[in-house]
Structures are given as C-alpha cells and as structure tokens.
2 protein chains.
Amino acid sequence: MKTLSILGSTGSIGTQTLDIVRIFPNKFKVVALTCNSNIELLKQQIDEFKPEIVAVYDEEKADELKADIPVYKGMDGLIRAATIGKANTIVNSLVGSIGVIPTIKAIDNLKNVALANKETLVTAGAIVMKKLSSSKTSLIPIDSEHSAILQCLNGENVNDVSKITLTCSGGAFKNRSKGELGHVKAEDALKHPTWNMGAKITIDSATFMNKGFEVIEAHWLYNLPYSKIDVVIHPQSIVHSLVEFKDKSVIAQLGMPDMRIPIQYALNYPQRIKNESLPQLNLTEIKELTFKEPDLERFPCLKMAYDVGIKSGTLPAVMNAANEIAVKYFLQDKIRFNDIHRIIQESIGQHTVITNPTIDEIMEIDKKTKEETEKEIEKGMCIAS
Amino acid sequence: MKTLSILGSTGSIGTQTLDIVRIFPNKFKVVALTCNSNIELLKQQIDEFKPEIVAVYDEEKADELKADIPVYKGMDGLIRAATIGKANTIVNSLVGSIGVIPTIKAIDNLKNVALANKETLVTAGAIVMKKLSSSKTSLIPIDSEHSAILQCLNGENVNDVSKITLTCSGGAFKNRSKGELGHVKAEDALKHPTWNMGAKITIDSATFMNKGFEVIEAHWLYNLPYSKIDVVIHPQSIVHSLVEFKDKSVIAQLGMPDMRIPIQYALNYPQRIKNESLPQLNLTEIKELTFKEPDLERFPCLKMAYDVGIKSGTLPAVMNAANEIAVKYFLQDKIRFNDIHRIIQESIGQHTVITNPTIDEIMEIDKKTKEETEKEIEKGMCIAS
C-alpha cells in the first residue's frame, strides 16, 4: 500500500493523481492533501479521500476552511504534509519555488517523492541529487518527458546513453511569426494544443521556458551533460521523449497525451498497473508523427535555459524567479509575450552567481529576485495593447 | 571474446555481420563461415577473416573451392559449422528451411544463436523454444523488428505486455492496386524501398508473407498469443517495432534502417557497443513518420499467416515450404505475383495437420510440400505476361 501525501491536490496534476487513486483503493491511500487557495475543491477531496490532515498555503483561506481534521497553513503546513509520518510517498505537484523546500524535507524524512514541481530540480538540483545519492529514497519524475526517459532507461546502462531528446508540443504560439508574438495574449496561450495543464505551465510551454526547465531537470535527474540533451518539436505529443544509445539504437516512450499515464507510473514505480480507463495509443488513427527543430530566435528562452543551466550555481534560481513574476504579469495582460524573455534576461544579467549555494541562499535569491523583478516591471510597465 | 560461426556469410546479413566483425577485432573472432554457392566471395572472406573451417552447401561448388583449411559441404557441412567446438556463438543467416536443423544442432551443442533465419521459428518454433527453456543458451533475434521488441522489453516484465506492434515498410507494392498486382514482376519488387535485403526476403516483404513469418516468430520468441500481435505499415522504417504495456505506456525502438544496428546488438547482447560508423537517427531530418493499417485484401498472405500460426502444428512448415517454391518461380518470372498466395493456400488446404510434430516430421513435410508445390506449379504454369 502506498500512503500518499499530495501537495497541490487541487491543481491539474493533483486532481489527475486523485483520478488514479480513486481507481485503485487497494493500492493507494491518501493521508494528506494540500492546496494553495481552492478550499471548495479541497473540501470535496477531504470528503471523498478522507486524509488525516490538510494544509492550505494561503493563510487567509486556511482560516476559512472548516474541517473535522487538522488544517495547517503556509509553508509550515506544506512541510508538515511533506513529512507526515503516515505517508511513504509524497506527490509534489506544487507550482513554483514554494515546492523546493517540501521536496527537500520529504527526502530528509526518507519519503519517496513523485515529483511534478519543476522548481525543485531547476533551482536546487545539485542539493537534491546529492541528498538522494546518500539516501535510500527515490525521486520519480511525473513530467511526461522525464517519465519517458526513465522508462526508456529501464534495463539499460546510463553510461551507454549518447543523447536524450526531449519532445515538445511547441506550445500555443509555435506557428506565430516573430512580429505576431509581440501581440499575443495570455488567453491565446491558454488554448494549449495537446496537454491538460495549469496556466503557469501553459505560458511556460508557449515561451519554451518549460522545455528549458525540463532540460535542466533532465541534466540533474539523469546526470547528463547539457551537450547530450536535445529538444525537438513534436506537435502531436505522442512520442514523449527518446534516448539514443552509443550503438545508434534509439528507445522512445509513446502514449496518448494524458498525464494520468506518467502519474500512475510514478505512483507505483517501478511496477506497471493495468488500467483500462487510460486511453490507448492507436498509431493508425494518429496517422503521422512530425518532428522539427525548435526556433531559438523566436523562442529565446530555450537557449537561455541551456546557458543558465551550464553556468549553474544560483543562476537557474534567478531565471526561474524572474520567469515566475514575468508570467504572472503576462497572465494579467500587464506585459507583452516578448517581455517575458527580456525581463528574465535582465535579472540574469544583474546577478552575481554563487557557485555551490546552500538551500537558504537559493531561497533567499528566489525571494530577492522576485521582489526586484516585480519592482522593475512595475517601474517600466508596458501594458500589452 | 565472441567466437563466431557465420552460416550464410556471403548473403546480405552475413556480409553485414562481417562489417561489424571487421570493426571490432578484439571483440569478435570468426572461426567458421558457410555459403550456399558464392565461392568467389567466400574465398575473399577466408583471406580476410581466416576461419578455421568453411562449408559450402552446394556440393558441386564445394568441390570447386580451393582453400588451405577444411572445406565441408551440404547439410553436414552446415551442421559442422553450427556445432564447431571453437565457436561460442552461431550467426544463422541462412535463407530458407535449410536453416532449421543447424539452429537446433547449435542449441543442442550449447551455442548461443544470433538468428536471422526465419524458418527456424516459423516451422519449428515449439521445438526450439522448448529446447531453449531447458538450456543455458540464448537465442537472440537479428531481425530488426524482433530486435526492437527485445530492446523494448529490457528491464520490463513480459507479463505486463498488452500488445506488440510489428512495423512493416509495406514492401515494394504497397501503393499498387489489386489489378496492378496481377502484372508486377520480380524486378519491380527487388527495388525495395528502405532495407538492404536478399531477393527472397524482398519478395516476401512485397507479399507481406515476411511480416506473417515475423508474427509467428514473435509469438514464439515472446510467448505471446496472436491476439496480442499487431502489424502496422510504417513506410519510413524508422520505428522498428513497439510494445504496449498494460498501463497504456508504449515503448518503441527506433533507428536508421540499417541492419548492422540489430546485428551488432545481437552479436554482443546484452551489452551495447559504441560504433560511430553506424548511421545516427535525426528525426528533424526525417521530418515525419506515418502509420497505416495493412490492406489484408490486397495482401492476403498476412491474414493467412495469422490463421496458420494459430492452427500451428505442421501447418506453418507447409505455408513456408509452398511460399519458398512459389517465390522461386516468381523470381524466375514463371508465375504471377498473385499466384504466390493462391499456391500457398492450395498447399495448406491439402494438408492434414500434425499437432506437436517432431523435427523429422517437420523436415519431411517441408521436403514433400516443396516437391508437390513444384509439381503443381509446373503442371498448371501460367507464365507471367
């Protein structure tokens, strides 16, 4: 029996995790749930899944929630859920840098972590991987791309890998010209072509920042140099990623674009569970799979992420923090799409990198970068027309 | 060090096997070579690879060969090469049912077998798999499709497989109408689109008989019911086959269509060897991968093979033998393309199936079916116009 604490249970990954839990009551039991502020949905989840505790990150909302079980709040609440004695597995589907510390605390408390939170490895990959290397716990990616790589490496030797290729739908604006990208709005992006995702990640997909984060995550997860990590646009989102070995044989993982497949894989890793409710891939219905190079000129965030990943230290945390703020403003239609890259680039340019930072230094820089980025944006705000 | 006896060294798979051997003199040593009748090429191979013995199946040609090493002939010669003490690995790239007994003798003599000969498993799958199950030897497929399945199953549990899909280029005539198929000639088929193969297999690809054989081979190799084996047309021949697991996750093996990749994999299984001389897959150059259902009406051999495989016993041997003769006559432009299926179907219809046949019964039926099929064809010969 896997006893689960699901951080971010009301978000896209959280609700899909509960879809899996619902089907297998004999395999999974929920012991803790957390949300940011959606206490209505959390209440329903409490009624259905009967956790022992919950946490609400938004402290005011936490105070509004009436429940028969302990309700914790803020970062302390998240950490309590990430370390609760009765959970053996923590699902971290928090969005943003608030997800970093809960992952670390979970590992420190010998929990297995099913990880959807990107910021954990992007900002603190070195620290997290070092902790894992001296621990008996495991960290299993939920992301479809990293889940694909993990599955492609089953039974293989990671030293035989010559290259991994992360696929990418191309995001909402893949067919827009450079000029058009000056005028696109958040609402256009939120019509994402293939995956059912949250708003922040949908924008990150449109800018290719999301793929940049995944490149950095893959670097840490699979201990690969950036020169061995490729990105290819694959609009159908059927091939979830590929691994090329030194004998030129390539293994790929495919499936319908449904996050419940990698979520279920992460929850019960390494055992596969039969699930007839998941959609079956039928290649003769799909008919064609296409592939093309990403356009680094129109979507410069991808190239930036490689550069930042290579420089490492505190720089990925700066990139992530500035991006988080820029996306927030873009979602409010307060800045233009092309401003996102410019704003992040400015933050990066102003930062003096600390190599081998502590987790406290990373979180401090995250906070500081967010404050300064907000200030900069507010100062020079260019309202999207 | 793998010490190799290569049966069929002058054919397409044989010469490509030697291409791999040539690159890795410290990993592979040739101790025996055999050919059917191409003694000119065999001589060159003797000079280059310095085997300890050779065998020539064609007894007259054998007598013509002058060499400083023992030259054996006929089936006895093949068996001698398949069981030679100094070889630990037998590469069986013989074409036709003459390959069956050498595989069995190799297994009986505890040799590992890298298998390209289709007839071994098609006609005697039950016997071969039973021998393997009680032996410490292994049988590794060279065929790109079965090599793909083997690689997809690395680190996985075969009980988790819900379906395998063998891909298929579609053969030379995939775009010809039913009417046009009445007039196509062997020379048209020999312009095969993607793979570098021998003449017999190229015709078998065009009729889909080859894919039918592979379905039967996959049934035996991976112990899967026919209901779990699918075939899909994939003209680019980049995805070499796929495995779907019970959690709807699909693993595929991809690569450039170059037989040296699966040959090398089979020779050094399960270790991969770095080989920069093999072609690298670049999906953004390939651009698209397409998939469609095979047309069982235009290409009825595939459906026939499923039916024959399910009925099992001696029936696959009959289908194989009748096909071997029909293809021989088609290659000589003595029968029409559509006659191939008709001729096989007649042989099958006349046969009374023996369940659980011995190897002697299988070989006897192989011989008898060939003789009778020849007689039938000669009797009712319809010269292709």
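Which residues of chain A do ring pairs link into a cluster? In this predicted model, the cluster joined by ring pairs consists of Phe173(A), Phe330(A) and Phe337(A). The briefing below turns to the relation between the two chains, then to their interface, and finally to the aromatic rings, some of which are approached by a charge from the partner chain.

**Relation of the copies**

- Chain B can be superposed on chain A with an RMSD of 0.0 Å, by means of a turn of 180° together with a shift of 0.0 Å along the axis.
- The two copies are thus related as by a two-fold rotation axis.
- Among the residues of chain B, the one whose C-alpha comes closest to the rotation axis is Gly155(B), at 1.9 Å.

**Interface between chain B and chain A**

- In chain B, 41 residues are in contact with 41 residues of chain A, and the area buried between the two chains is about 3,600 Å², with carbon and sulfur atoms giving 53% of that area.
- On the side of chain B, the residues that lose the most area to chain A are Asp247(B), Lys248(B) and Arg272(B), which together account for 22% of what that side buries.
- Because 100% of the interface residues of chain B are also interface residues in chain A, the copies meet through the same surface.

**Polar and charged contacts across the interface**

- Between chain B and chain A there are six salt bridges, and the count of residue pairs in polar contact, with both residues at pLDDT 80 or more, is 26.
- Arg272(B) forms a salt bridge with Glu156(A), in which the closest N and O atoms are 2.8 Å apart.
- Arg272(B) also lies over the face of Phe245(A), at 4.3 Å from the ring centre, while Arg272(A) lies over the face of Phe245(B), at 4.3 Å from the centre of that ring.

**Aromatic rings**

- Over all chains, the structure holds 12 aromatic pairs, including an edge-to-face pair formed by Tyr265(A) and Tyr269(A), whose centres are 5.7 Å apart and whose planes stand at 75° to each other.
- Tyr265(A) counts as buried because its relative accessibility is 1%, which is under the 20% cut-off.
- Tyr269(A), by contrast, has a relative accessible area of 27% and is therefore partly exposed, as this value lies between the limits of 20% and 50%.

Note on methods: Residues numbered from 1 in each chain as written. Chains lettered and ligands numbered in written order. Predicted model: local features only at pLDDT ≥ 70, side-chain atom pairs only at ≥ 80, totals over all residues. Heavy atoms only, no water. Least-squares fit on C-alpha atoms with pLDDT ≥ 70 in both. Contact = heavy atoms within 4.5 Å. Phe/Tyr/Trp six-rings, centres within 6.5 Å; stacked < 30°, edge-to-face > 60°. Buried < 20%, exposed > 50% of the residue type's maximum accessible area, 1.4 Å probe, protein only. Lys NZ or Arg CZ within 6 Å of the ring centre and 35° of its normal. Buried area = accessible area lost by both parts, 1.4 Å probe. Salt bridge = Lys/Arg side-chain N within 4 Å of Asp/Glu carboxyl O. Polar contact = N/O pair within 3.5 Å; in protein donor to acceptor, adjacent residues only side chain to side chain.
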